[in-house]
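User: I would like a close look at one part of this model, with the reasoning spelled out. Please take the structure below as the starting point.

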Amino acid sequence: MTATLSVPTRARRARVDPLERQQRRLFWPFVGPALAFYVILFLAPIGYAAYTSLYKWDGMGAMQWKGLGNYEILLNDPAFHTSVLNTLKIMVVGGAATFVISFALTMALREMRGRMFARSVLFFPNLVNALVFGIAAGFIFAPQGPVNQLLRLFGVEAVPKWLSVDNLPAMIIATIVWTSTGYYTTIIMAAVDQIPRYLYEAAELEGANAWQRFRHVTLPMSWDVVTVCAVLWTVSSVKVFEIVMLFGGGSIVANAPVETWTTAMYVYLSAFSATSVPKFGLAAAAAMVSLVMVGVFVVVLRRIMRRDRVVL
Amino acid sequence: MRAPKGTARFLAAGVVATLALTACGGGGDKGATEEKGGQFTYWSMWKETEPQAKVIKAAIDKFQAETGTKVTVEWQGRDIKTKIGPAIAANKAPDLIDQGADQIFTSLAATGQAADLSSVYDMEVPGEGKKVADVLPSKYVDALPKDPEGVNRYLVPYELVSAAFYYNGADPDLKTVPQTWDEFIKLCDTLKAKDKACVASDGDNSWTNELLLDYLIVRDNGAGALGKAVADKTGAAWDQPGLKESVKRVEDFVKGGYILKGYDASKYPAQQTNWAQGKAAFHIDGSWVPSEAQANLADGFQVKAMPVPPTKGGNTEADLVMFGFAVPKKAKNPEPAKKFMAYFLKKDLLSGISTEAKNITPRADIPAPAELADVQKMLADNPSRIILDNAPGDYMDKVFTPAFNDLWLGKATADQFVAKVKEAQVTYWKTAG
C-alpha cells in the first residue's frame with residue numbers, strides 16, 4: 001500500500017513541478033547579479049573594514065596586528081565618547097523634534113488651501129546643499145547679523161552667542177531638524193492623504209477634538225509610514241557629517257571643534273586629518289561601532305513600533 | 001542600514017578611487033617612453049585655474065620642450081592627502097607631488113614613504129652655475145621634522161608662508177610698531193583708550209588664534225618648547241613656569257579686552273573682514289591674509305606685517321610653513337621628477353610664484369610682492385621654526401584646541417588651561433597607539 005501510494009506522490013510532484021522548476025532555475029540568474037553586486041559593493045567593504053579595524057595601518061605600509069586594541073582606544077577616547085553622544089543627541093532629540101514638527105505641520109496642512117504649494121515650500125530646504133546653511137549661518141547668526149538685529153529691535157539686549165562653540169551642537173541639531181522637517185512632512189502627508197475623509201467626519205460626529213482625531217485616526221492609519229520614517233531618520237542621523245564639518249571652523253581654517261563631532265566625523269578625521277598620520281584601523285573600528293549602533297537601534301525601533309496593521 | 005555602510009564604504013572608496021586613478025594616472029607604457037628625457041607623473045595640490053598652477057604649468061611646458069621629458073600632470077587640488085595613501089598602497093604612486101610640508105610629513109615622511117631628496121640639493125640649477133643648496137637657505141629645510149631614517153630633505157620648497165601680525169601701515173596710530181611684548185600691550189591700551197580694538201579674531205578660527213600662544217611660547221621658552229611639552233606622556237611638562245607664563249600672557253590679553261568684540265560668536269572670515277575695514281589694528285594669521293582680505297581692504301590700506309614682539313626671553317624665531325615638491329619612495333620614475341624640481345627653482349621660473357601667485361619664494365634674490373615684503377624680511381632675518389612645533393593634528397583637535405578655545409574665549413584661566421591640557425594629554429598618549 002505504501003509502495004503504491006508513494007509512486008503517485010512522486011509522480012504528482014514531478015507533474016506539478018515544471019513551472020516551479022522553471023522558477024527555481026531562474027532564481028539564481030535573477031538574484032545572482034544583484035546579490036553579487038550587493039556582496040561586492042556592500043558586504044565585502046564591511047568585511048574589509050571589520051578586518052582593518054583589528055590592525056594599526058597608515059593606509060600605505062604594512063598592517064600591524066592590534067587585535068581589539070582599536071576598540072579599546074575608542075572605549076577610552078573622550079573624543080569618541082563625545083562623538084557618540086552627539087550622534088545620539090541628533091538621533092533622539094533631533095528625531096523627536098523633527099517628528100513633532102512634521103506631525104504638527106501635517107495636521108495644520110491637512111485641510112489648508114494651497115497645501116501642495118506649502119508642501120513644496122517646506123520641502124525646499126531639503127534640496128539645498130548643507131554647504132549653503134554652513135555659510136549662511138555665519139551671516140544670519142553673526143553677532144551683528146540679522147537675527148540679533150531683529151532681537152534687539154524687540155528689546156532683547158542680551159543676544160545669544162549663537163555661533164560660540166558651546167552653542168554649536170544645538171545649532172547643528174536645529175539646522176538638521178529644519179532641513180529634514182519638510183522631507184518627513186512630505187512623506188507623512190502622503191500617508192495621511194490616503195486616510196479616508198469619512199473617518200475624520202465620523203470622529204468629529206463622535207465629538208473627537210483635534211488631538212483625539214490625531215491620536216485615534218491619523219496616527220494609527222499612518223503608523224506603517226511613520227515606522228519607515230523613523231528608521232530612515234535613525235539611519236540618516238548616523239551619517240551626519242558635512243553640516244558638522246561646515247559649522248565650526250568651516251573646514252577651511254580649522255577642523256570642526258571636537259565638541260561638535262559625530263561618529264562619522266570621528267571616522268573621517270581619524271583617517272584623513274590633514275596633519276596627523278592616518279589611522280585607518282581606528283577609523284574602521286569607529287565605523288564598525290557605528291554600524292553596530294545603528295543596527296541595534298533599528299532593530300529595537302522596529303520592535304517597539306511593531307503594531308498590527310489597520311485594515312479597512 | 002545604509003549609514004554604516006556609508007562610513008565603511010569610504011574606506012573602500014579609497015580602493016575604488018585607486019583603481020580609477022590608476023586608469024588615468026598610471027605610468028602607462030613604460031618601455032616606450034624611455035627615449036630622450038624619460039617621463040614622470042605629477043599630482044599637483046593646485047587646481048588648474050589657481051595662479052600657482054599656471055606658474056608651474058608654464059615651467060612644465062618649458063621643461064618638456066627643453067629636455068624632451070614627458071610630464072603627465074593631474075591637477076588634483078587639496079585632495080592629494082586622501083588619495084596619495086591608497087595610490088602608494090596600490091603601488092601606483094605618482095612620481096612627483098606637491099603639498100604643504102606638514103601634510104607631506106604626515107602623509108609620507110612620518111611613515112617612511114618619502115624619498116630622500118638630498119641629491120636634488122646637490123644638483124645644479126640649470127643655467128645658473130649654482131647648486132640648489134646654494135639658492136635655498138638651509139635653515140628652512142633644517143627646521144623640518146625628521147623621518148624615521150633621520151632624513152629631513154624629503155621636501156624641495158618653492159613657496160614660503162609665515163605667520164605674523166598684519167596691520168595698516170597708513171594708520172597714524174601704528175606709525176611706530178612695538179618692539180617688545182610690553183610695548184605691544186601698551187599700544188593696545190592706547191588704542192583701547194581711543195575705543196579701537198587692538199586685534200581682530202574669529203572665534204571659530206582656532207588654528208589661527210592659536211598662533212599667538214604658539215609664538216609666545218617660543219618667545220618665552222625658545223623653539224621646540226611646545227613640541228617637548230606635547231610629547232610628554234605624563235603632561236607634567238606643562239607645569240614649567242615658562243610655559244605657564246606664556247599662557248598667562250594670553251589670559252591677560254583676553255581679559256584686557258583688546259580683542260574686537262563679538263569674536264567669541266563670529267564665524268570666519270567675519271572679523272578678518274572687520275580688520276580689513278579698519279575696525280581693529282592687528283590681525284595675526286598666515287601670510288595668505290593679504291590676498292584673502294584683498295577685496296575687503298579699506299581705501300588706502302597699506303598691508304604691513306610685524307612679528308609677534310619678543311618678550312624678555314628674547315627669542316625671535318619666525319613661523320614657517322613651506323609648500324614644495326616631494327617624491328614617494330615607491331615612485332617609478334623619480335629621476336626626471338627630481339630634475340624638474342631643480343629646473344623649477346630657476347630664478348625666472350620661480351619668480352612667477354611671487355609676481356603671479358603673489359607669494360614668497362624661498363630664494364632670497366626673488367623679491368616678495370610688496371604686501372609681503374615685511375614677512376620675507378622677517379623670514380630671512382630670523383631663525384625658522386615649524387608652526388606649533390609640528391604637533392599632530394589629532395593632538396590639536398583632541399587636547400590643545402578645546403582647552404585653548406576656553407582660554408581664548410575668556411572661559412578659562414591659565415591654570416585651568418594647563419589643567420585641562422594635562423588631563424587630556426595623558427588620555428591622548430594612552431590612546432595614541
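In which segment of chain B does Ala432(B) lie? Please describe its setting with care, and then go on to the sheet and the other local features of the model.

Analyst: Since this is a predicted model, everything that follows describes computed geometry. Ala432(B) lies in the segment after helix H18 of chain B, the helix that spans 414-430. Its relative accessibility is 17%, and because buried means under 20% relative accessible area, Ala432(B) counts as buried. Tyr395(B) is 37 residues away from Ala432(B) along the chain, and the C-alpha atoms of the two are separated by 9.1 Å.

Turning to the sheet, chain B has an open sheet of four strands, in the order S8-S9-S7-S10, and the pairing within this sheet is mixed. Strand S8 (197-199) and strand S10 (303-306) of chain B are the edge strands, each of which pairs on one side only. From one strand to the next the twist averages 30°. At the S8 edge, S8(B) runs parallel to strand S9 (residues 280-286) of chain B, and two bridges join them; here Val199(B) stands opposite Phe282(B) of S9(B). Helix H9 of chain B, residues 206-221, packs on this sheet, where it touches strand S7 (163-168) as well as S9, and the direction of the helix makes about 95° with that of S9(B).

The backbone has some departures from the usual pattern, which is that most residues other than glycine have a negative phi and most peptide bonds are trans. Asp195(B), in the loop between helix H8 (181-193) and S8 of chain B, has a positive phi near 65° although it is a residue other than glycine. Its relative accessibility is 75%, and because exposed means over 50%, Asp195(B) counts as exposed. Leu388(B) is also a residue other than glycine with a positive phi, in this case near 55°, and it is placed in the loop between strand S12 (384-386) and helix H17 (393-408) of chain B. In contrast to the exposed Asp195(B), Leu388(B) has a relative accessible area of 6% and is therefore buried. The remaining departure concerns a peptide bond, the one from Tyr268(B) to Pro269(B), which is cis with omega near 5°. Pro269(B) has its place in the loop between helix H11 (241-255) and helix H12 (270-276) of chain B.

Contacts between the chains come into view at Gly85(B), which is placed in helix H3 of chain B, residues 80-89. With a relative accessible area of 8%, Gly85(B) is buried, and leaving aside residues up to four places away in sequence, it touches Gly59(A) and Met60(A). The C-alpha atom of Gly85(B) is separated by 28 Å from that of Gly37(B), a residue 48 places away along the chain.

On chain A, a nonpolar patch on the surface is formed by Phe27(A), Trp28(A), Leu35(A), Phe37(A), Tyr38(A), Val39(A), Ile40(A), Leu41(A) and Leu43(A), which together have about 910 Å² of accessible area. One of these residues, Ile40(A), is found in helix H1 of chain A, which covers residues 2-52. Ile40(A) counts as exposed, because its relative accessibility is 58% and the cut-off for that class is over 50%.

Definitions and conventions:
Residues are numbered from 1 along each chain as its sequence is written. Chains are lettered from A and ligands numbered from 1 in the order in which they are written. This is a predicted model: local features need pLDDT of at least 70, side-chain atom pairs count only at pLDDT 80 or more; totals for chains, interfaces and linings use all residues. Side-chain values use heavy atoms; hydrogens and water are left out. Two strands pair if DSSP finds at least two bridges between them. Axes are lines fitted to C-alpha atoms, for helices over the stretch in contact, and angles run from 0 to 180 degrees between N-to-C directions. Contact means heavy atoms within 4.5 Å. Buried means under 20% relative accessible area, exposed over 50%, partly exposed in between (1.4 Å probe, protein chains only). Patches are made of residues with over 30% relative accessible area and no salt bridge: like charges are joined within 9 Å, nonpolar side chains (Val, Leu, Ile, Met, Phe, Trp, Tyr) within 5 Å. Accessible areas come from the Shrake-Rupley method with a 1.4 Å probe; for residues, only the protein chains shown count as cover. A salt bridge is a side-chain nitrogen of Lys or Arg within 4 Å of a carboxyl oxygen of Asp or Glu.
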